[in-house]
Amino acid sequence: MTMEDTRRDARRSTDSRASASGTRPADRSTSVVRPDEDQPLGNISGRVREGVGSWLRSPALDFYALIVVGVMLVGIGLVMVLSSSAVLNISRGNSGYAGLVRQGTFAGMGLVLLIIAAMLPPGFYRRAAWPLLGLGLMLQCLVFVPGLGVAVDGNQNWIMIGGQTLQPSEFLKLALAVWLGALLSIKRPLLHRPAHLLFPLAPGALLALGLVMLGHDLGTMMIMAMLVAGAMWVAGIPRRWFALAGAAGVIGIIFLTVTSANRMARITNWIHGICEGDSCYQSDQGLMGLAEGGWWGVGLGESRQKWGRLPAAQDDYIFAIIGEELGLIGTLGVLALFTVLALIMFRMITRLEDHFMQITVAGISAWLLGQAVVNMMVVTGLLPVIGVPLPFISSGGSALLASMTALGLLLSFARREPGAQEAISARFGSVRRSVSVQPAPRDSAPAARPAKAGRRGKAGRAAKAGRSSRSGRSASRRRRGASSPSRRTR
């Protein structure tokens with residue numbers, strides 16, 4: 001006989017005794033989870049599915065998920081910058097922690113910008129769209145000022161301020177995303193008309209991309225073109241115009257590639273795999289680092305490529321160091337984080353009700369996700385070498401500041417999802433109430449309390465004894481009163 005049969009017989013006997021005595025068994029007030037042979041611990045999977053489902057339906061999911069993913073990406077970046085830059089810093093006579101201190105300083109500044117951006121309402125960004133674009137274009141023009149602009153590897157895309165280099169194009173990306181959101185949200189009902197589609201959208205976008213291209217930074221210009229395409233697609237531009245703009249962009253990129261010997265050499269090396277001299281040195285060393293990492297990696301801090309063998313190990317090719325030290329599991333973990341970030345931003349686009357926020361989120365997602373995909377494809381050899389950093393992870397103050405500010409803007413928008421503000425306020429309110437609970441202060445005279453309690457106890461026992469005696473006398477009187485009628489009857 002099984003356990004279930006035993007319980008069934010017991011229930012039957014209990015019901016039969018209850019029916020024989022004329023009583024009904026009391027109904028249970030709550031459902032009791034009882035084990036059986038198939039599920040000895042109860043329906044755990046059902047409860048887990050119910051909990052995960054309610055969590056995924058939470059209106060504040062995007063807000064909290066952005067914080068978690070952002071913290072993890074920035075944390076991985078700080079660790080990997082330290083690991084990939086320590087050896088070269090020591091060889092130059094600097095501290096091995098110099099790279100971490102520098103990147104950590106920018107991360108702290110980025111955190112301040114993130115908090116400020118998250119606290120500002122979406123209406124502020126809508127009103128400041130044109131000033132932000134103007135400021136971004138003005139900063140980008142400074143790279144051409146003699147004595148202020150700095151050229152790196154043939155790209156005139158940096159400025160030197162106070163001994164620190166700054167890349168204005170990173171901030172121009174964010175300003176362009178906000179400007180596109182404000183402009184396209186207003187012109188959304190009129191985008192089927194060519195005049196409203198071309199002006200001022202085309203001049204503004206072409207001016208921003210053209211200034212970056214004048215500095216010979218094709219990689220950054222391509223990322224900005226992806227940003228514009230993402231915003232235009234979500235805004236609902238007619239497909240024929242979207243396809244025409246895409247074809248014109250592809251023709252322009254081909255022209256810029258063909259007219260540059262350096263870019264043509266990279267394309268040829270990537271297609272044919274035949275390199276002259278050391279033109280494939282960086283890409284070969286990056287692939288070698290990924291191959292040496294294997295499944296589990298050689299261990300954190302044990303990379304061999306960072307000993308001067310891989311150029312830009314802490315910058316554009318930091319993904320190769322991740323693959324070498326943390327293996328395939330580490331690279332897939334980074335890819336999973338960016339995948340979760342993509343799902344969060346796509347969910348925000350579908351849940352937000354304001355067109356300005358939808359289009360702006362689309363532009364930011366195309367920028368961050370497109371740049372991450374391009375960087376990882378370059379390192380793995382799926383694309384020719386294009387100098388773009390890995391967002392949140394690669395060393396570089398300008399890219400980290402711009403990315404964290406964009407994350408703060410996304411947090412501001414996530415708070416405006418339907419029901420999100422109420423859920424976040426309720427959660428923080430419960431946390432504040434829990435933190436405000438204080439333990440009761442100890443009595444300054446602890447000996448007085450037991451004595452008082454003792455006196456109270458004695459008084460209580462005396463009162464109880466008194467009540468017992470009075471109740472006893474009352475009961476005897478009632479008995480005597482009940483027996484007196486019988487005597488009178490006799």
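## Exercises on a kinked helix and two hairpins

There is a kink of about 130° in helix α14, centred on Leu326. The model you are looking at is predicted, and the exercises below start from this helix.

**Exercise 1.** Find out what span a straight helix with the residue count of α14 would have, and set it beside the span in the model.

*Solution.* Begin with the ends: α14 covers residues 318-351. Next, take the straight case, where 34 residues at 1.5 Å a residue would span 50 Å. Now turn to the model, in which the end C-alpha atoms of α14 are only 34 Å apart. Finally, go back to Leu326, where the kink of about 130° is centred.

**Exercise 2.** Trace how strands β1, β2 and β3 are paired.

*Solution.* Start with β1 (residues 149-152) and β2 (residues 155-161), which are antiparallel and share four bridges. To fix the register, look for Gly149, which sits opposite Ile159 of β2. Then move on to β3 (residues 164-166), joined to β2 by three bridges, again in the antiparallel sense. Here Met160 faces Thr165 of β3.

**Exercise 3.** Which residue takes a positive phi in the hairpin of β1 and β2, and which in the hairpin of β2 and β3?

*Solution.* Two residues lie between β1 and β2, and in this hairpin Asp153 has a positive phi near 55°. The hairpin of β2 and β3 also has two residues between its strands, and there Gly162 has a positive phi near 60°.

**Exercise 4.** Place these elements in the whole protein.

*Solution.* Count the elements: the protein has 18 helices and three strands. Then consider burial, where 38% of the 490 residues count as buried.

Key:
Residues are numbered from 1 along each chain as its sequence is written. This is a predicted model: local features need pLDDT of at least 70, side-chain atom pairs count only at pLDDT 80 or more; totals for chains, interfaces and linings use all residues. Side-chain values use heavy atoms; hydrogens and water are left out. Buried means under 20% relative accessible area, exposed over 50%, partly exposed in between (1.4 Å probe, protein chains only). The expected span of a helix is 1.5 Å times one less than its number of residues. The bend at a residue is the angle between axes fitted to the seven residues ending there and the seven starting there. Two strands pair if DSSP finds at least two bridges between them.
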